Amino acid sequence: MANTPQAKKRIRRNNRRAEINGARMSRIRNFVKKVETAIEGGDKAAAAEALKNAQPEMARGVARGVLHKNTAARKMSRLSKRVAAL
């Protein structure tokens with residue numbers, strides 16, 4: 001268990017950040033899910049619009065450090081490819 005005041009403070013801060021980062025990841029997953037459901041529905045216009053909304057959200061996740069840059073790039077690329085194939 002943490003003994004120093006600084007270690008105790010880090011635990012408190014880490015718990016707060018985990019909550020914030022969890023919410024941010026959940027938000028990103030919801031945006032991606034909207035794109036995937038539109039793709040499955042075969043609606044190209046809705047899929048393109050959902051992708052347009054999901055891309056900045058994923059980029060924001062990279063900027064905030066909750067997603068790795070290459071992971072976000074890979075996901076955006078694969079989604080874009082699927083939308084273009086509709």
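Me: How much area does the protein chain expose, and what share of it do carbon and sulfur atoms supply?
Reply: Happy to start there. In this predicted model, the protein chain exposes about 6,100 Å², and 51% of that comes from carbon and sulfur atoms.

Me: What makes the protein chain more spread out than a compact globule?
Reply: First, the elements: there are 3 helices and 0 strands, in the order α-α-α from the N terminus on. The radius of gyration is 17 Å, and the globule rule gives 12 Å for 86 residues, so the protein chain, being well over that value, is more spread out than a compact globule. Along the principal axes, the C-alpha atoms fill a box of roughly 60 × 20 × 20 Å.

Me: Why is K9 called partly exposed?
Reply: Buried means under 20% relative accessible area and exposed means over 50%. K9 has 47% relative accessibility, so it falls in between and counts as partly exposed. K9 lies in helix α1, which covers residues 5-41.

Me: How far apart are the C-alpha atoms of K9 and R60?
Reply: They are separated by 27 Å, with the two positions 51 residues apart along the chain counted as their separation.

Me: What percentage of the residues in the protein chain is buried?
Reply: With the cut-off at under 20% relative accessible area, buried residues make up 23% of the 86 residues.

Me: What share of the contacts with a separation of 6 or more comes from residues 24 or more positions apart?
Reply: Such residues account for 59% of those contacts in the protein chain.

Me: Where do the charges stand on average, and how many are there?
Reply: The protein chain has 22 positive and 6 negative charges, and their mean positions are 13 Å apart.

Notes
Residues are numbered from 1 along each chain as its sequence is written. This is a predicted model: local features need pLDDT of at least 70, side-chain atom pairs count only at pLDDT 80 or more; totals for chains, interfaces and linings use all residues. Side-chain values use heavy atoms; hydrogens and water are left out. Helices (H or I, at least four residues) and strands (E, at least two) are DSSP runs, numbered from the N terminus. The radius of gyration is taken over C-alpha atoms; the globule rule is 2.2 Å times the number of residues to the power 0.38. Buried means under 20% relative accessible area, exposed over 50%, partly exposed in between (1.4 Å probe, protein chains only). Contact means heavy atoms within 4.5 Å. Accessible areas come from the Shrake-Rupley method with a 1.4 Å probe; for residues, only the protein chains shown count as cover. Lys and Arg count as positive and Asp and Glu as negative; His and the chain ends are not counted. The place of a charge is taken as NZ of Lys, CZ of Arg, CG of Asp or CD of Glu.
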